[in-house]
Amino acid sequence: MMNVETIKKDNALISVLKKSNMTAIGAVLILMIILASVFSPYFLDIYNLQSLIRDLAFIGMIGIGQSLLLLTGELDLSVGKIASLCGIISGMMMMHWGWNPYAALVGALILGLILGCINGLIITKLRLNAMVATIGMQGVYGGINLVMTKGKAITGIPESVHIFGKGNVGPIPFPFIFTLIVLVLVLFLVKKTKTGRYIYAIGNNKEAAKVLGIQVDKIRVMIYSIVGLISALAGILYVARLGSAQSSIGENWPMNSIASSVIGGVALTGGIGNPAGALIGAAIISIIQNMIVLFGVNVYWQSAVSGFVVVIAISFSSLSVIIRERKQKKIKISKVERN
């Protein structure tokens, strides 16, 4: 039976692995920046850097949300469609229904919260697999998008909204500021609150968490709701960036958000990782995509490269899980032999 000493050793091992993962990921990011600077004279151009940071802000924001779910051992493949639906609803509120722009933005955020909550309730109450349920809801939200817009973009978004997508604070794009705010709030949740400890406990062992009295389903629904809210914020900011609401917004976000989280050290099996790693992972993906553009490679290769990165990242994640399990097993065997 596992005792206190063994648990402490396991936690210490996991802590060391987390720190070593973050160090390695940070080193990879720095190496990529150096290589990109060497091979492209345009990489450090201020306009290119602002464009890169603006792009990574959206992947990073969705990745931070997705990392919360991955920490519980689940995921949401409908984040892109939630983002586009909330963006379209905000556009219709402003342009077709006569809403004040700021009231429309708040309304779209509330809608994102509700859609995320619906995902969570379907998964927890109907006992559905998260991947299957969110693929289904992705189709539902995408279908509503097309019914409402008939495939046409909603144009004429007010200039007062554009600043949130196109504007800067000094040299830093506004969307990246929002991403940093989201990161700080999510880090506070997972590091400084009891709910954060429960999230890791659920990801490590859902059944054990239930035995300990943790309201597992309630927390899962809450996390899905938060992810819906974050997705809505990303969708609204993207509408502000484009100046129009389109049903195609967020098409690659599910894959990129999972890739950025896994690259950032969040385990697909749950319980291990740091949402900050998702932002670093997003930066790595964005630099790869930026280099594709700078080297004049067909932009359609971005999807192929992103998919390849996902496969590589998941392979490394699986390998790290195997190594960790072997180390934990050795510690337990050593403890038994000493007794």
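Here is a chat between a student and a tutor about this predicted model.

Student: Let's start on the outside. Which helix gives the largest share of the nonpolar patch?

Tutor: The patch covers about 940 Å² of surface, and among its members are Ile30, Leu31, Phe295 and Trp301. Ile30 lies in helix α1. The largest share, 6 residues, comes from that helix, residues 4–39, so the name you want is α1.

Student: Is Ile30 buried or exposed?

Tutor: Exposed means over 50% relative accessible area. Ile30 has 52% relative accessibility, so it counts as exposed.

Student: Now the inside. Which residues touch the most other members of the largest nonpolar core?

Tutor: In soluble globular proteins, nonpolar side chains tend to be buried together. The largest nonpolar core here has 83 residues, and α10 gives the most to this core, with 13 residues. The two that touch the most other members are Ile199 and Ile287.

Student: Which residues is Ile199 in contact with, leaving aside neighbours within four places in sequence?

Tutor: Contact here means heavy atoms within 4.5 Å. With those neighbours left aside, the partners of Ile199 are Leu68, Leu71, Thr72, Leu189, Val190, Ile219 and Ile223.

Student: What about α6? Why are its buried residues said to be on the same side?

Tutor: Helix α6 runs over residues 159–166, and Val161, His162 and Gly165 are buried in it. Around the axis they cover an arc of only 110°, which puts them on the same side of α6. What covers them includes α2, α3, α4, α7 and α10. So the value behind "same side" is the arc, 110°.

Student: How many residues of α11 are buried?

Tutor: Helix α11 spans residues 253–263 and is mostly covered. Among its buried residues are Trp253, Pro254, Asn256 and Ile263. After α11 comes Gly265, with a positive phi near 95°. As for the count of buried residues in α11, it is 10 of 11.

Student: On to charges. How many residues apart in sequence are the parts that Asp55 and Arg241 tie together?

Tutor: Side chains of opposite charge can pair when their charged atoms come close. Asp55 and Arg241 meet in a salt bridge, 2.8 Å from N to O. Asp55 sits in α2 and Arg241 in α10, so the pair joins parts whose separation in sequence is 186 residues.

Student: And is Asp55 buried, exposed or partly exposed?

Tutor: Buried means under 20% relative accessible area and exposed means over 50%, with partly exposed in between. Asp55 has a relative accessible area of 32%, so the word is partly exposed.

Student: How far apart are the closest N and O atoms of Glu207 and Lys210?

Tutor: Both residues belong to helix α9, and being 3 residues apart they are separated by about one helical turn. Lys210 is partly exposed, at 35% relative accessibility. The two form a salt bridge, with their closest N and O atoms at a distance of 4.0 Å.

Student: Which residues join Arg220 in one network of salt bridges?

Tutor: Arg220 forms a salt bridge with Asp217, at 2.9 Å between the closest N and O atoms. They are 3 residues apart in helix α10, so about one helical turn separates them. Arg220 is buried, with a relative accessible area of 8%. Salt bridges with shared partners link Arg220 into one network with Glu74, Arg127, Lys206 and Asp217.

How values were computed
Residues are numbered from 1 along each chain as its sequence is written. This is a predicted model: local features need pLDDT of at least 70, side-chain atom pairs count only at pLDDT 80 or more; totals for chains, interfaces and linings use all residues. Side-chain values use heavy atoms; hydrogens and water are left out. Patches are made of residues with over 30% relative accessible area and no salt bridge: like charges are joined within 9 Å, nonpolar side chains (Val, Leu, Ile, Met, Phe, Trp, Tyr) within 5 Å. Accessible areas come from the Shrake-Rupley method with a 1.4 Å probe; for residues, only the protein chains shown count as cover. A salt bridge is a side-chain nitrogen of Lys or Arg within 4 Å of a carboxyl oxygen of Asp or Glu. Helices (H or I, at least four residues) and strands (E, at least two) are DSSP runs, numbered from the N terminus. Buried means under 20% relative accessible area, exposed over 50%, partly exposed in between (1.4 Å probe, protein chains only). The arc is that of the directions from the helix axis to the C-beta atoms. A nonpolar core is a set of buried Ala, Val, Leu, Ile, Met, Phe, Trp, Tyr and Cys residues joined through side-chain atoms within 4.5 Å.
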